[in-house]
Amino acid sequence: MVKAQGATYELVAGRYRLMEVLHRETNRVCWYGEDVSAGHPRLLTQIGLPAGMDTESLQRVTARVVRMAETMGVMCPGRVATVLDAVEEAGILWVVTEWIDGTPLGELLAQQGAFTHVRAARVGLEVLDVLDAAHGEGITHGELSPGQVFVRDQGSVVLTGFGLTGATLVPRVTAPSYASPEQARDERIGPAADLWALGAILYTMVEGRPPFRDRDRPEATLRSVDRLPLRSPVHAGPLTQTVQGLLRKNSMERLTRSVVREALTRVLKENPDAAVRSLPTPRRSGLHGSGPVWSRRTVVAGTALAVVTVSVAVLAVTRQLPGTDTSSSGQQPRPSASAPVTDQTSLPAKTPPPTTTSASASASPSASASASPSTTPPPTPTPTPTPTKSSSGTAQPSGYREYHSPEGFSVALPDGWKALNTTRMADLAYRVIFGKQGDPRTLAVTYSERVGPDPVAVWRDDVEPDLQQAGGDYERIGEIRATTYQGRKAADMEWLADDSRGTRVRTFGRGFLIGEGRSFSLRWSTPAADWNDPANQEALDTFLKTFRQSSD
């Protein structure tokens with residue numbers, strides 16, 4: 001899998017700043033970014049290139065991507081992303097397009113769940129319109145997947161990725177679950193491969209999962225695409241025969257574009273009211289929390305904040321366990337190094353997070369717990385000030401209140417703190433970053449469903465290499481310590497690193513297993529110079545004492 005680049009917030013090609021990962025697939029990462037020269041938001045697609053390509057080949061690849069996008073833009077104005085630039089750096093192809101006021105279909109499905117068959121038919125027709133134009137000119141997309149389909153607020157669709165086929169490691173590797181059987185066999189492909197991908201996308205929209213699930217390795221996924229029978233759709237309704245007809249293993253037997261168009265149009269005509277009601281309403285939990293997908297005005301306003309918080313956050317989500325932010329500052333007095341079976345430990349800090357406009361809409365704090373001065377709680381409710389208790393029964397210090405996340409956990413947060421950003425990787429992982437505008441401290445909560453049985457190894461083998469690669473003068477503090485947390489296997493790691501503004505930040509991370517390959521991690525980050533402040537130590541202790549899964 002391609003590792004996220006730009007975690008140190010360096011510029012791509014000297015002018016494009018990476019801000020946040022929008023969508024991630026096996027060999028492709030789509031970023032929200034900014035053209036610092038023009039001051040405009042951009043989409044940047046990061047694609048791994050084959051090792052050892054010579055300069056001439058690289059020039060052909062970049063020219064082909066731009067040329068193909070221009071051709072498709074003429075044929076389908078407003079329906080294909082406008083490519084502004086294509087550059088190669090360190091074996092990575094970066095394709096820069098105009099900002100699209102929409103959400104990748106894969107992210108939309110992760111946020112909202114499966115679509116009705118009417119809504120799926122509407123999106124499918126939009127995609128088919130573009131494929132019709134491309135195939136009529138002998139152009140095959142070759143890498144179509146939910147990550148290449150952006151759904152705008154009003155429901156129209158914009159496709160990206162034309163011209164990439166043959167430029168990446170292998171055309172089929174980008175999204176193995178949507179590769180056709182002929183691609184899985186590494187055979188020559190044509191328009192029929194795009195129709196298979198359309199069928200797989202329709203299947204995913206109505207079933208909430210791809211027809212062939214992602215396995216541990218792309219090769220294993222491709223084998224299942226080629227050899228395993230299709231799992232019959234159960235929620236497709238009138239789309240069932242269309243989906244099955246597009247997902248025939250033999251490319252010669254797949255439905256034609258005209259037949260597919262007739263079938264999708266029929267679904268909309270039979271229920272026109274539902275077609276109108278089914279307009280997608282994409283929302284992102286990124287730079288502005290409410291309202292539809294980021295507007296250009298809001299995106300530009302939120303630039304400064306996103307740089308610090310989100311890029312690194314995604315890194316950890318994909319690596320599956322705790323912490324990523326490079327936090328640091330000069331070496332500070334080290335907190336107690338061991339944390340055996342207690343809910344306390346001194347943790348280091350992460351890169352100063354958002355301090356501008358960017359509250360994540362995906363989580364709003366519960367006002368269930370109010371903080372009050374500490375006194376002995378009376379047996380019955382009375383106006384006498386008492387320490388607030390969380391749902392776990394743990395007393396909260398004054399100035400904290402319990403927050404219930406829709407993601408499935410609760411934790412006591414300082415007054416005024418809220419979810420600043422939520423990042424997802426399909427339904428396998430997410431990260432929620434908490435903080436407050438103007439406060440350089442953050443708490444990050446990460447959940448994953450693909451971690452090994454040893455939490456120490458997760459920090460050492462998965463997280464730390466990414467931190468080292470991210471730069472920022474990364475320095476681990478002491479050893480990675482095995483411990484237990486809430487009766488579960490856990491491990492703690494602390495480190496220092498410089499954030500994008502040159503501030504040394506210290507981060508403490510605790511990752512713990514909850515069974516069946518699942519885990520949570522908590523990362524507490526502060527400027528290193530402030531690490532030993534009593535208020536910061538109290539915050540860390542409170543987080544560790546009050547964090548609970550919703551099911552706990």
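Which helix lies across β12, β13 and β21? In this predicted model, that element is helix α13, formed by residues 534–546, and it runs at about 160° to β13.

The three strands crossed by α13 constitute an open sheet with the order β12-β13-β21 and antiparallel pairing. Because β12 (400–405) and β21 (548–549) stand at the edges with a single partner strand each, one side of each is left without a neighbour in the sheet. Strand β13 comprises residues 409–414 and is joined to β12 by 6 bridges, the two strands running antiparallel. Within this pairing, Y400 has P414 of β13 as its bridge partner.

A further set of pairings involves strand β6. This strand spans residues 92–98 and is mostly covered, with 6 of its 7 residues buried. Strand β4, which covers residues 40–48, pairs with β6 in the antiparallel sense over 7 bridges; R42 is matched with E98 of β6 as its bridge partner. Strand β5, made up of residues 83–89, also pairs with β6 in the antiparallel sense, here over 6 bridges. In this case the bridge partner in β6 is V95, which is matched with A86. Strands β5 and β6 form a hairpin with 2 residues between the strands, and in this hairpin A90 adopts a positive phi near 55°. In general, strands of a sheet pair through backbone hydrogen bonds, in either a parallel or an antiparallel manner. For β6, the pairing is antiparallel with β4 and likewise antiparallel with β5.

Notes. Residues numbered from 1 in each chain as written. Predicted model: local features only at pLDDT ≥ 70, side-chain atom pairs only at ≥ 80, totals over all residues. Heavy atoms only, no water. Buried < 20%, exposed > 50% of the residue type's maximum accessible area, 1.4 Å probe, protein only. Helix = DSSP H or I, 4+ residues; strand = E, 2+ residues; numbered from the N terminus. Pairing = 2+ DSSP bridges. Contact = heavy atoms within 4.5 Å. Axes fitted to C-alpha atoms, helices over the stretch in contact; angles between N-to-C directions.
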